[in-house]
Amino acid sequence: QVQLVESGGGLVQPGGSLRLSCAASGSIVSINDMGWYRQAPGKQRELVAKITSGGSANYADSVKGRFTISRDNAKNTVYLQMSSLKPEDTAVYYCNARVLYYSGIYVREAEYWGQGTQVTDSS
């Protein structure tokens, strides 16, 4: 009943910038935490950044100072602005959100994932 749709991935040069977007749609009551995760080839999925409904953010040490997470609650959208990209940033990036949503006559809560978007820093 809720979908997360990611966009903005692509091929960039080392040191370049890219902006990812993730829009939630459906019978949404509210969205709590939203975040970005990534999974590189041969690696475990890791948290990149997360942001609370109030705007408090935290980041993986590897991206601090380079990435910025933000959200637009009116649009149910979370963004990840990436700069100074490195080859090691290459991964599939996944949006994640904890969503309170309408299910029939009930309100339920669930965690949702986007389909993933590829970010490639090509050297």
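These are my notes on a disulfide, a hairpin and a surface patch in a predicted model.

**Disulfide**

I looked for disulfides and found 1. C22 and C95 form it, with their sulfur atoms 2.1 Å apart. I then checked where the two cysteines sit. C22 lies in strand β3 (residues 18–26) and C95 in strand β9 (residues 91–103). They are 73 residues apart, so I noted a link between distant parts of the chain. The angle about the S-S bond is -80°, which I logged as left-handed. Are the cysteines buried or exposed? C22 has 0% relative accessibility, so it counts as buried. C95 is buried too, with a relative accessible area of 0%.

**Hairpin β7–β8**

Next I walked along β7, residues 67–72. Its side chains alternate. F67, I69 and R71 point to one face and are buried. T68, S70 and D72 point to the other face and are not buried. I recalled that alternation between the two faces of the sheet is what a regular strand shows.

I followed β7 to its neighbour. Strand β8 (residues 77–82) runs antiparallel to β7, and 6 bridges join them. I looked up T68 in particular: its bridge partner in β8 is Q81. The hairpin has 4 residues between the strands. There I marked N76, which takes a positive phi near 50°.

**Surface patch**

Last, I checked the surface for nonpolar side chains. V29, Y102 and V107 form a patch there. Together they have about 250 Å² of accessible area. I placed V29 in strand β4, residues 28–39. V29 has 36% relative accessibility, so I entered it as partly exposed.

Definitions and conventions:
Residues numbered from 1 in each chain as written. Predicted model: local features only at pLDDT ≥ 70, side-chain atom pairs only at ≥ 80, totals over all residues. Heavy atoms only, no water. Buried < 20%, exposed > 50% of the residue type's maximum accessible area, 1.4 Å probe, protein only. Pairing = 2+ DSSP bridges. Patch = residues over 30% accessible without salt bridge, like charges linked within 9 Å, V, L, I, M, F, W, Y side chains within 5 Å. Areas by Shrake-Rupley, 256 points an atom, 1.4 Å probe, with all protein chains shown as cover. Salt bridge = Lys/Arg side-chain N within 4 Å of Asp/Glu carboxyl O. Disulfide = S-S within 2.5 Å.
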